[in-house]
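Visitor: Please take me through one part of this model in detail. I would like a close look at the core and what is built around it.

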Amino acid sequence: MKKLIIINGPNLNLLGKREPAIYGSLSFTEFFDTVKEKYPNVELDYFQSNVEGLIIDKLQEVGFSYDGIILNAGAYTHTSIGIGDAVKSIETPVVEVHISNTFGREAFRHQSYISAHAKGVILGFGLQSYELAIQSLCPS
């Protein structure tokens with residue numbers, strides 16, 4: 001059984017409440033419960049923090065023992081060299097995920113400090129982006 005973790009960054013704890021036109025009306029907890037049921041052969045963990053350093057700590061903690069990391073660093077994607085360096089420094093493959101199409105949004109969201117170090121990037125498919133990441137890390 002593969003062991004994956006989803007790591008979400010700032011403001012993603014507000015999914016279901018925050019800008020539903022962009023992010024949808026489902027909370028991440030509700031979504032995560034359905035994903036765990038849908039993928040019973042994958043051990044899925046979840047971590048969310050609004051604090052950059054805690055995200056880096058979590059990447060370093062799991063980055064040598066998990067089979068895959070699904071990372072939505074939120075706004076830190078576009079600002080955090082530290083998170084990018086953490087992804088570069090670990091052995092576990094990381095799939096960068098975004099709910100919205102960041103290239104269809106403000107220009108500052110077109111830059112990612114993570115993408116160059118990630119196994120791949122999935123964006124613009126709503127919460128399904130996370131499922132696509134799971135499928136990429138656990139092919140049938």
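**The core and its surroundings**

Guide: Of the 23 residues in the largest nonpolar core, Leu-4, Phe-28, Ile-70 and Tyr-130 touch the most other members. At least two residues of this core come from each of β1 (2-8), α2 (28-38), β2, β4 and α5 (128-137). Bear in mind that the model is predicted.

Take Leu-4. Leaving aside residues up to four places away in sequence, Leu-4 touches Val-42, Glu-43, Leu-44 and Asp-45. Leu-4 also touches Tyr-66, Asp-67, Gly-68 and Ile-70. Ile-134, Leu-137 and Cys-138 complete the list for Leu-4. Another core lies apart from the largest one. That other core has 19 residues, among them Phe-47, Tyr-66, Ile-69 and Ile-83.

Now the helices. α2 and α5 pack with their axes 11 Å apart, at an angle of about 30°. Their crossing is right-handed. On the α2 side, the contact is made by Phe-28, Phe-31, Val-35 and Lys-38. On the α5 side, Tyr-130, Glu-131 and Ile-134 make the contact. By class, the contact of α2 with α5 has five nonpolar residues, two charged residues and no polar ones. Two names recur here: Phe-28 and Tyr-130 sit in this contact, and both are listed among the core residues that touch the most other members.

Next, the sheet. Five strands form an open sheet with parallel pairing. Their order is β2-β1-β3-β4-β5. β2 (42-48) and β5 (120-123) are the edge strands, and each pairs on one side only. On average, neighbouring strands of this sheet are turned by 20° against each other, direction ignored.

Follow the sheet to the β5 edge. β4 (residues 94-98) runs parallel to β5, and four bridges join the two. Glu-96 has Val-121 as its bridge partner in β5.

Stay with β4 for one more residue. Val-94 lies in this strand. Val-94 is buried, because its relative accessible area is 1%, and the cut-off for buried is under 20%. Not counting residues up to four places away in sequence, Val-94 touches Ile-69, Leu-71 and Val-87. Val-94 also touches Ala-118, Lys-119 and Gly-120. One of these contacts, Ile-69, is named in the core of 19 residues. Val-94 and Ile-114 are 20 residues apart in sequence. In space, the two are 9.2 Å apart, C-alpha to C-alpha.

Key: Residues are numbered from 1 along each chain as its sequence is written. This is a predicted model: local features need pLDDT of at least 70, side-chain atom pairs count only at pLDDT 80 or more; totals for chains, interfaces and linings use all residues. Side-chain values use heavy atoms; hydrogens and water are left out. Two strands pair if DSSP finds at least two bridges between them. Axes are lines fitted to C-alpha atoms, for helices over the stretch in contact, and angles run from 0 to 180 degrees between N-to-C directions. A nonpolar core is a set of buried Ala, Val, Leu, Ile, Met, Phe, Trp, Tyr and Cys residues joined through side-chain atoms within 4.5 Å. Buried means under 20% relative accessible area, exposed over 50%, partly exposed in between (1.4 Å probe, protein chains only). Contact means heavy atoms within 4.5 Å. A crossing is left-handed if the near helix is turned anticlockwise from the far one by less than a right angle, and right-handed if clockwise. Ala, Val, Leu, Ile, Met, Phe, Trp, Tyr, Cys and Pro count as nonpolar, Asp, Glu, Lys and Arg as charged, and the others, Gly among them, as polar.
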